[in-house]
Amino acid sequence: MSDARLAALTFLEKCRRANAWSDAVLGSVMDSAKLDGRDRGLCTAICYGVMQNLLLLDNAVSAFSSVKVNKLEPKVLDILRISAYQLLFMDRIPPSAAVNEAVKLSKKLGYARASGLVNAVLRKISANKENLLLPKGNNKAETLSLRYSHPKALVEYFISVLGEAETEELLKCHNGEVPLSLQVNTLKTERDKLLSSFAEKEIAADAHPSLPGCIILKSAGAVSALPGFGEGEFYVQDCAAFMAVLAADPKAGERIIDVCSAPGGKSFAASILSEGKSEIISCDIHDNKLKRIRDSALRLGFNNIKTIAVDGREFREEFEEAFDLVIADVPCSGLGVIRKKPDIRFKSLSEFDALPSIQKGILENVSRYVKRGGRIIYSTCTVREEENKALAEAFLTENTDFVAEDFNLPGVGMSENGMIQLWPQRHGTDGFFIAKFRRK
C-alpha cells in the first residue's frame, strides 16, 4: 500500500504549496498514481484524516521529536503526519506496518538521515496512543482546539455562540465521516427505483428520513460510476442547499434567476420543483463554471436552464423587476462546510471581515430584479451571524418594500422571522443559513 501513502504525500505537498484544499487535486494525484480502488480509499482516508487532525498530529509529533516541528523538513513532517494518523486513527493497519512504511518512504524520498528519527517518534506515538488522543490544554477552548484540530480562536468563536458542550459536538461532526446526499431527478425517475438499482449493485443507500427526493450514501466511490448517473437520474447536493430552494417554493411558469449559481445545484432543484416548466437563468462570473452547469443540465435533461456570465454586484437593466424568484446563495466564509473542506478551519477569522460588504452589495443589487409580489432567497454555507441573520435583518430595515416570509422545512421546522440557521450537529446537514423575503 506504499503507493497510496506516496500519493497522499504528493497531495499534501501540493496543498501546502497552493495553500488550498481541493477534491480536484486529490483526484488528479490519485489518477496520476494509477491507484486501484483499495488504494484510492486508503489515500483518501489518509488525506482527509491528516487535514482534519493536523493540530493533534503535530502535537503528537512534537511530544516525542528531538527536532521542533517547525524545523523538520516539510516532507519528513508530512511522513510523520500520515503515519501518526494511521497509528492513532486507523485500527485496521498494524502499527508495525505503519512505522515500517514510514521508514521506507523516508529513504525512498531521499531523507535516509531522518529515518531513525521517524522510526523513534512513531514507535513512541504508538505506545502512547491513548494519552495523545486526549490532550489537555490550559482551558476548555485550548483542549478542544488540540483534540479536534481547530484553531483556538475559531473554537472560542463557536463557544461564544453554542457553549462548550455543543461546540464539541460540532467539532466532532467536522472530523467525522460525511454521508453523500443525492437529489433524485424526479422528472426522470423515482427514488424507490433508483434505490433498487443501487441495491442490485450492492451499494449501501438509504432514503432520507424527511426529504422525499433525497438519497443518502455512506460510501459511494466515484459518483460518475453509480447507476443512473449517465442517464441524469440524480445529482449531488447537500440537503441544506436543497432546502433553500424548497423554502423558495418555485412554481411552474415562473421566471427564476440564480445569481451565484455554480455549481448549479439550486438551479437544478428549482427545475425539479417547478416540474421543468419554469424559466431559469443561472449566473456566475466564471465561464468555466458556467460550462460545468450547462454540461450537468444537459445530463439531467433540463432544457429550461440558460447560463449568463454576470457579476452579482453589477446591475443589469434588463433584469429589473423581471423575476418571480431570485436565489442569492452568496460567496461566504464557508464555516458551515468545514466537514467537507477541512482547510477552511485554518483561515484567520479576519480574512472574512470584508465578506458582509460584498454579500450586502449582491443582495441589494439583485433585490431590484424581483417583481412586485415576488421573493428572494438569501443563503450562505456559513454559520457566522455577521454574514447571516445580522445582514438579513439589516436588509429588511433598509429596504421597507420587502418583508420576511416564514417557511417550513421537513425535519427542521418553521423559520423564525423568515430565517433558519442549520447546523451539522443539530440537523445533519452543512452549516447553512436561509432567509426568505417577499417584495410588497
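Is Arg313 buried, partly exposed or exposed? Arg313 counts as partly exposed, because its relative accessibility is 47% and that class lies between 20% and 50%. This residue belongs to a predicted model. Arg313 also forms a salt bridge with Asp311. The closest N and O atoms of that pair are 3.6 Å apart.

**Salt bridges**

The structure holds 32 salt bridges. Side chains of opposite charge can pair when their charged atoms come close. Three of the pairs are set out here.

| Pair | Closest N to O distance |
|---|---|
| Arg375 and Glu254 | 2.7 Å |
| Asp430 and Lys340 | 3.2 Å |
| Arg313 and Asp311 | 3.6 Å |

Take Arg375 and Glu254. This salt bridge links distant parts of the chain, 121 residues apart. Arg375 sits in strand β9, residues 370-380. Glu254 lies in the loop between α13 and β5. Are the two partners buried or exposed? Arg375 counts as buried because its relative accessibility is 5%, under the 20% limit. Glu254 is buried too, with a relative accessible area of 12%.

Now take Asp430 and Lys340, another salt bridge. They too come from distant parts of the chain, 90 residues apart. Asp430 is in the loop between α18 (424-427) and β14 (432-439). Lys340 is in the loop between β8 (323-329) and α16 (355-366). Asp430 is buried, at 7% relative accessibility. Lys340 is partly exposed, with a relative accessible area of 26%.

Some charged residues join in a group. Arg16, Asp58, Asp78 and Arg81 are linked in a network of salt bridges.

**A four-stranded sheet**

In what order do the strands of the open sheet run? The order is β2-β3-β1-β4, with antiparallel pairing among these 4 strands. The edges are β2 (205-207) and β4 (234-236), each of which pairs on one side only. Neighbouring strands are turned by 30° against each other on average, direction ignored.

Strand β1 covers residues 180-184. Its links to β4 number 3 bridges, and the two strands run antiparallel. With β3, β1 pairs over 4 bridges, again in the antiparallel sense. Leu182 shows both links. Its bridge partner in β4 is Val236, and its bridge partner in β3 is Ile215. β1 is mostly covered, since 4 of its 5 residues are buried.

A helix lies against this sheet. Helix α13, residues 239-248, packs on the sheet and touches β1, β3 (214-217) and β4. The direction of α13 makes about 35° with that of β1.

**Nonpolar cores**

In soluble globular proteins, nonpolar side chains tend to be buried together. Here the largest nonpolar core has 48 residues. Those with the most contacts inside this core are Cys43, Val50, Leu80, Leu122 and Ile125. Which elements give two or more residues to the core? They are α1 (2-18), α2 (23-33), α3 (37-52), α4 (54-64), α5 (74-89), α6 (95-108) and α7 (115-127). Helix α5 gives the most, with 9 residues.

Leu122 offers a view of the packing. Leaving aside neighbours within four places in sequence, Leu122 is in contact with Leu80, Ser83, Ala84, Leu87, Val99 and Ala102. Apart from this core lies another, of 34 residues. Among its members are Ile216, Ala244, Val245 and Phe407.

**Backbone details**

Three places in loops deserve a look. The peptide bond from Ala262 to Pro263 is cis, with omega near 5°. Pro263 is placed in the loop between β5 and α14 (265-273).

Asp249 is not a glycine, yet has a positive phi of about 55°. Asp249 is found in the loop between α13 and β5. At 37% relative accessibility, Asp249 counts as partly exposed.

Asn417 also has a positive phi of about 55°, although it is not a glycine. The loop between β12 (413-414) and β13 (419-422) holds Asn417. With a relative accessibility of 43%, Asn417 is partly exposed.

Conventions. Residues are numbered from 1 along each chain as its sequence is written. This is a predicted model: local features need pLDDT of at least 70, side-chain atom pairs count only at pLDDT 80 or more; totals for chains, interfaces and linings use all residues. Side-chain values use heavy atoms; hydrogens and water are left out. Two strands pair if DSSP finds at least two bridges between them. Axes are lines fitted to C-alpha atoms, for helices over the stretch in contact, and angles run from 0 to 180 degrees between N-to-C directions. Contact means heavy atoms within 4.5 Å. A salt bridge is a side-chain nitrogen of Lys or Arg within 4 Å of a carboxyl oxygen of Asp or Glu. Buried means under 20% relative accessible area, exposed over 50%, partly exposed in between (1.4 Å probe, protein chains only). A nonpolar core is a set of buried Ala, Val, Leu, Ile, Met, Phe, Trp, Tyr and Cys residues joined through side-chain atoms within 4.5 Å.
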